[in-house]
Amino acid sequence: MLNVRSIWNGAISFGLVSIPIKVVNATESHSISFRQIHTEDGGRIRYRKFCELEDREVSQGEIGKGYEDADGSIIPISDEDLAELPIPTAKTIEIVAFVPGDRIDPLQMDAAYYLAASGAPAAKPYTLLREALKRSNKVAIAKFALRGRERLGMLRVVGDAIAMHGLLWPDEVRAPEGVAPDTGVTVRDKELDLADALMDTLGEVDLDDLHDEYREAVEEVIAAKAAGEAPPTAPEPAAGGKVLDLMAALESSVRAAKESRGEEPEEHAEVRRLPQRKSARAAPKQPAGKKSTATKKAAAKKTAASAKKSTSKTAQQAKKTAAKSTAKSTAKSTAKSTAKKTPAKSAKKTASRKRTA
């Protein structure tokens, strides 16, 4: 059993089965705490508790609880009053249902506790509940009262122990309204492919290898100042360029992740830069589809006009040729006719002259 002071003693109610247990904290904080001091002389700043009626400082043993009513009057509430609340969960963790673990929203998760069997008689029912949870692959939903209020909890198996996670009530979890971007964004398949590649390259991590670097840095500062030395200074932050292209950023991230793992990055990485944003006075750019259609229409009109012009020119040339041909033919015909008529007339005149003689 953990060598930790229990914060709650009671029993798990499992149908008609009662399992005496002790509740101990399952987590501990390693954060560094500071005291408030007077900066001029280093003196401690303390808060003292005074009774406003007697105007004197009181000890912790003289302090109790009280509820302030709407009219400002104080109604004293003792620990005994809370211990005798007429609800079944005052001293009992009452299991109300068994559900699959994925039904629990992680947003509801609160503090974690270990439930330790209290005494030898609790060993058998405790083990029975633990094995039943293991075999069913489910978690138990329970209600319990702790620190002046009734709470919701989830029981699950951790190793050979039963752990309980405090859960927020469903109405205590806020809806994520107004959190997501309200502007329309289109993510391309190639961008998703690069994001997947980055996730695969980063891979998994053993959570035991992660540690609190901030706390270690604070401890170094404290140790240096205690030894009268200058505290370590922060390294210069890496110069971060302005990301203009999401694709380029993703590709660079994949390349850096592969290099950190000792893998050779691809030689030819495709990097595209986004087009520079035009000024506000510039005319809005047409979508690609409309631009292509407009270009096609303009080309078709130009071709039709060219064809029409060519046809007109050809017709004019044909007309000129036909006119020349007709004129030529007419001239020939006239010349022939004239040639035939002239000898005839000449013969007639000769014959006439002969008869006269």
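**Notebook: salt bridges, backbone angles and a charged patch**

I began with Arg-215, which forms a salt bridge with Glu-219, the closest N and O atoms being 3.2 Å apart. The model is a predicted one, and I read each entry below with that in mind. Both residues sit in helix H4 (residues 213-226), and because they are 4 residues apart there, about one helical turn separates them. I looked up the exposure of each partner. Arg-215 is partly exposed at 23% relative accessibility, and Glu-219 is also listed as partly exposed, with 37%.

**Salt bridges elsewhere**

How many salt bridges does the count come to? I get 9 salt bridges.

Next I checked Arg-56 and Glu-62. Their side chains meet in a salt bridge, with 3.0 Å from N to O. For Arg-56 I noted a relative accessibility of 34%, so this residue counts as partly exposed. Glu-62 has a relative accessible area of 47%, which I also entered as partly exposed; the cut-off for exposed is over 50%. I then asked which residues are linked with Arg-56 and Glu-62 in a network of salt bridges. The network takes in Glu-54 along with Arg-56 and Glu-62.

I also looked at Glu-150 and Lys-143. They form a salt bridge in which the closest N and O atoms are 3.9 Å apart; the cut-off is within 4 Å, so the pair is counted. Glu-150 is partly exposed, with a relative accessible area of 27%. Lys-143 is partly exposed too, at 28%.

**Positive phi values**

I went through residues with a positive phi. Asp-55 has a phi near 55°, a positive value in a residue other than glycine. Where does Asp-55 lie? I found Asp-55 in the loop between strand E3 (50-51) and strand E4 (56-57). Is Asp-55 buried or exposed? With a relative accessible area of 63%, Asp-55 is exposed.

Asn-137 came next. This residue is not a glycine, yet its phi is positive, at about 55°. I placed Asn-137 in the loop between helix H2 (123-136) and strand E9 (138-146). Its relative accessible area is 65%, so I entered Asn-137 as exposed.

Gly-72 also takes a positive phi, near 90°. This glycine belongs to the hairpin of E5 and E6, which has 5 residues between the strands.

**The E5 and E6 pair**

I followed that hairpin into its strands. Strand E5 (residues 65-68) and strand E6 (residues 74-77) run antiparallel, and 4 bridges join them. Which residue in E6 stands opposite Lys-65? I found Ile-77 there.

**A positive patch**

Last, I looked for charge on the surface. Arg-35, Arg-44, Arg-46 and Arg-48 form a positive surface patch. I took Arg-44 as the member to look up further. Its place is in the loop between strand E2 (17-25) and E3. Arg-44 has a relative accessible area of 42% and is therefore partly exposed. A patch residue needs over 30% relative accessible area and no salt bridge.

Note on methods. Residues are numbered from 1 along each chain as its sequence is written. This is a predicted model: local features need pLDDT of at least 70, side-chain atom pairs count only at pLDDT 80 or more; totals for chains, interfaces and linings use all residues. Side-chain values use heavy atoms; hydrogens and water are left out. Helices (H or I, at least four residues) and strands (E, at least two) are DSSP runs, numbered from the N terminus. Buried means under 20% relative accessible area, exposed over 50%, partly exposed in between (1.4 Å probe, protein chains only). Patches are made of residues with over 30% relative accessible area and no salt bridge: like charges are joined within 9 Å, nonpolar side chains (Val, Leu, Ile, Met, Phe, Trp, Tyr) within 5 Å. Accessible areas come from the Shrake-Rupley method with a 1.4 Å probe; for residues, only the protein chains shown count as cover. Lys and Arg count as positive and Asp and Glu as negative; His and the chain ends are not counted. The place of a charge is taken as NZ of Lys, CZ of Arg, CG of Asp or CD of Glu. Two strands pair if DSSP finds at least two bridges between them.
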